[in-house]
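Please open the model in your viewer and keep the sequence panel beside it, since this tour moves from one selection to the next.

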Amino acid sequence: VQLAESGGRSVEAGNSLTLSCTVSGNAFRYTMGWFRQVPGKEREFVAFIRWGDGRLNYADSVKGRFSISKDNAKRTVYLQMNTLKSEDSAVYYCAASAGDGSKWPADYNYWGQGTRVTVSS
């Protein structure tokens, strides 16, 4: 399984941005997660979605502002980010877990290389 994120860039606070994660290989039995990390801090859970039944979950810090979705035909998972804040600035990572859904990075088996989001206020 290989994951490739895209879409990160610099935006002003209050704006929106959509990240994409394209999946190569047989990942349809996996749970797909988005995490983010800033220098000096641990990788933080953002959201996950299950390929099979679409069950999803969000971190409290992004609930109501971010939306995770998937397109099976395009083998792509999206993270729609609205009303961005400066504290959303981070490198965002896409990950795949063989489990049913987790907020813990250690439960994810595959990771992308990350895409940087910078939100200026």
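Begin by selecting Arg36, Glu44, Arg65 and Asp88, which are linked in a network of salt bridges. Please bear in mind throughout that this is a predicted model.

Within that network, centre the view on Asp88, which at 0% relative accessibility counts as buried. Asp88 forms a salt bridge with Arg36, and the closest N and O atoms of the two are 2.9 Å apart. Because Asp88 lies in the loop between E8 and E9 while Arg36 belongs to strand E4, this pair ties together parts that are 52 residues apart in sequence. Arg36, like Asp88, is buried.

Keep Asp88 selected and add Arg65, whose side chain meets that of Asp88 in a salt bridge with an N to O distance of 2.8 Å. Here too the pair links distant parts of the chain, for Arg65 sits in the loop between strand E6 (56-58) and E7, Asp88 in the loop between E8 and E9, and the two are 23 residues apart. Arg65 is buried, with a relative accessible area of 12%.

For another salt bridge, go to Asp60 and Lys63, where the closest N and O atoms are 3.2 Å apart. Is Asp60 buried or exposed? At 68% relative accessibility, Asp60 counts as exposed, whereas Asp88 and Arg36 are both buried. The count of salt bridges comes to 5.

Turn next to the aromatic rings, of which a search of the whole structure finds 7 pairs. Select Phe35 and Trp111, whose ring centres are 5.1 Å apart and whose planes stand at 55°, so the pair is tilted. These two residues also connect distant parts of the chain, with Phe35 in strand E4 and Trp111 in strand E10 (residues 110-111), 76 residues apart. Phe35 is buried, with a relative accessible area of 0%, while Trp111 is partly exposed at 27%.

Add Tyr108, which forms a tilted aromatic pair with Trp111, at 6.1 Å centre to centre and 55° between the planes. Tyr108 is buried, its relative accessible area being 5%. If you now extend the selection to Phe35, Phe45, Phe48, Tyr93, Tyr108 and Trp111, you have a cluster linked by ring pairs.

With those rings still displayed, bring in Arg43 and look for its charged end, which sits over the ring of Tyr93 at 3.7 Å from the ring centre. Arg43 also lies over the face of Trp111, at 4.7 Å from the centre of that ring.

Now switch to a cartoon view and pick out the open sheet of 4 strands, which run in the order E1-E3-E8-E7 with antiparallel pairing. Strand E1 (2-6) and E7 stand at the edges with a single partner strand each, so one side of each is left without a neighbour in the sheet. Neighbouring strands of this sheet are turned by 20° against each other on average, with direction ignored. Between E7 and E8, the antiparallel pairing extends over 6 bridges, and you can select Phe66 to find it standing opposite Met81 in E8.

Met81 leads to the last stop, the largest nonpolar core of 34 residues, in which Met32, Trp34, Leu79, Met81 and Tyr92 touch the most other members. Several strands each supply at least two residues of this core, among them E3 (17-24), E4 (31-37), E8 (76-81) and E9 (90-97).

Key
Residues numbered from 1 in each chain as written. Predicted model: local features only at pLDDT ≥ 70, side-chain atom pairs only at ≥ 80, totals over all residues. Heavy atoms only, no water. Core = buried A, V, L, I, M, F, W, Y, C linked by side-chain atoms within 4.5 Å. Buried < 20%, exposed > 50% of the residue type's maximum accessible area, 1.4 Å probe, protein only. Pairing = 2+ DSSP bridges. Axes fitted to C-alpha atoms, helices over the stretch in contact; angles between N-to-C directions. Phe/Tyr/Trp six-rings, centres within 6.5 Å; stacked < 30°, edge-to-face > 60°. Lys NZ or Arg CZ within 6 Å of the ring centre and 35° of its normal. Salt bridge = Lys/Arg side-chain N within 4 Å of Asp/Glu carboxyl O.
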